[in-house]
Amino acid sequence: MTQNTSANLNVGGKAVSLPVQKGTLGPDVIDIRKLYAETDAFTYDPGFTSTASCESKITFIDGDAGVLLHRGYPIGQLAEKSSFLETCYLLLHGELPSAAEFEVFERNITRHTMLHEQFDRFFSGFRRDAHPMAIMTGAVGALSAFYHDSLDIHDLKQREISAHRLIAKMPTIAARAFKYSVGQPFVHPRNDLSYSANFLRMCFAVPAEDYVVDPVLVKAMDRIFILHADHEQNASTSTVRLAGSSGANPFACIAAGIACLWGPSHGGANEEALNMLKEIGKPENIKDYVQGVKDKKYRLMGFGHRVYKNYDPRATVMKQSADEVLAAVGDPNDPLLQVAKELEQIALNDEYFVERKLFPNVDFYSGITLSAMGFPTTMFTVLFALARTVGWIAQWKEMIEDPSQKIGRPRQLYTGATQRDYVPLSARG
Ligand code: CMC
């Protein structure tokens, strides 16, 4: 971070000169830390549309250009050439691993995939029809009750063990949430399989027959995980940072992130996007549906993004994976895919969407792909949470290791009643 200019502000007759910081990429930021002390004024920015909440070296997004970089590497290159576990290492450590470093990392993650035996009983406390995201929120929070030896956030080694445990155990927990909801026995992890192959097996194997992992699905799963691994200071990541800023343990912080991700404006959008395509049903219905969007009756799910005002680079890769998966296990002539492709074309050329810079986001094609892979819609956000865990934990770690870290405590613009005296019940009109 460098500083070479300042912003001068006059608030109610009090002048203040604020430093302007430059990052390596992206807009300059006005450092307002001394604003309140020197002017008695706060800034007001609901939804944080103009606020940088932290300094970070992990992920960079240029929403106008449609660029997403992890530690400098474009998402398209990672999705094509890397693996999810290598991307995890990159996000956590800042550099791509050497062969020896990767071997150690992969072994560490693989060795932490099992859950405490007692943990399996935890699932039976949930109703069978519980949403798997409800199970995920509860189960991940409960990890802190099982792994006491990695809760000291001030101990570097314990932070590392917690990071490994979370990345390793999320697939096992996610697969159990799925198995529980369909009434099938839990499948234990197999350490000879890759991260994604093991996850697919834990989801779809049954004791009655062998499960052969399809390499096309493994590649698609791994890619979906890479595409969702991190995304800068979005709502759930900011939630994780805010929860962590109080010193809460990493398992509690990630559970907070999962709860935030569940919302339909965030991670829940892929579930909503597929439901929307099903509701439209066939290409002939698109025109009327789009009219409803323009009349503001509902939104086009899987479209638009707070940061991307261009094609979401993750959507480009996702679209390719959708084609590959449907060619392998689904129906490339699936009416939903036809609806999605036509809807995309109409929206990309329609003035309403062009004017507002509403492009397809990663969720637009992920629903169709995951559905063809055999996942019910309720699992879509779970898969997002599984993949995003590494981003959350990398951002949490970065925050804990930042010497300027303080508890997060936003202020407010108060518009409620001014001070008044309490009136006893008998005297109220
Ligand atoms: N369909 C129709 N109109 C939309 C949409 C949409 N998906 N998104 C935004 N708009 C319109 C909105 O009505 C407003 O129009 P007007 O100026 O006439 O009032 C304008 O575009 C700006 O909307 P906004 O709500 O100020 O934009 P935002 O940056 O706050 O919202 C968003 C970002 C992602 C919440 C929103 O685009 C949305 O609701 N999209 C659908 C849900 C979705 O797909 N979410 C997944 C995001 S990607 C995965 C992730 O990172 O979680």
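This report looks at how aromatic rings pair up in this predicted model, and at two charges that sit over rings.

## Ring pairs overall

Let's start with the count: the structure holds 21 aromatic pairs. A pair of aromatic rings is described by the distance of the centres and the angle of the planes.

## Tyrosine 147 and phenylalanine 251

Take tyrosine 147 and phenylalanine 251, whose rings are 6.4 Å apart centre to centre. Their planes meet at 45°, so the pair counts as tilted, falling between the under 30 of stacked and the over 60 of edge-to-face.

Where do the two residues sit? Tyrosine 147 is in the loop between helix 6 (132-142) and helix 7 (156-182), while phenylalanine 251 belongs to helix 11 (residues 250-261), so this pair ties together parts 104 residues apart in sequence. Tyrosine 147 is buried, at 9% relative accessible area, and phenylalanine 251 is buried too, at 0%.

## Tyrosine 195 and phenylalanine 225

Next up is an edge-to-face pair: the ring centres of tyrosine 195 and phenylalanine 225 are 6.2 Å apart, with the planes at 80°. Tyrosine 195 comes from helix 8 (residues 195-204) and phenylalanine 225 from helix 9 (residues 215-227), which puts the partners 30 residues apart. Both of them are buried.

These two also belong to a bigger group. Ring pairs join Tyr195 and Phe225 with Phe84, Phe178, Phe199, Phe204 and Phe375 in a cluster.

## Charges over rings

Rings meet charges here as well. Arginine 128 has its charged end over the ring of tyrosine 180, 4.1 Å from the ring's centre. Likewise, the charged end of arginine 356 sits over the ring of tyrosine 352, at 3.8 Å from its centre.

Notes: Residues numbered from 1 in each chain as written. Predicted model: local features only at pLDDT ≥ 70, side-chain atom pairs only at ≥ 80, totals over all residues. Heavy atoms only, no water. Phe/Tyr/Trp six-rings, centres within 6.5 Å; stacked < 30°, edge-to-face > 60°. Helix = DSSP H or I, 4+ residues; strand = E, 2+ residues; numbered from the N terminus. Buried < 20%, exposed > 50% of the residue type's maximum accessible area, 1.4 Å probe, protein only. Lys NZ or Arg CZ within 6 Å of the ring centre and 35° of its normal.
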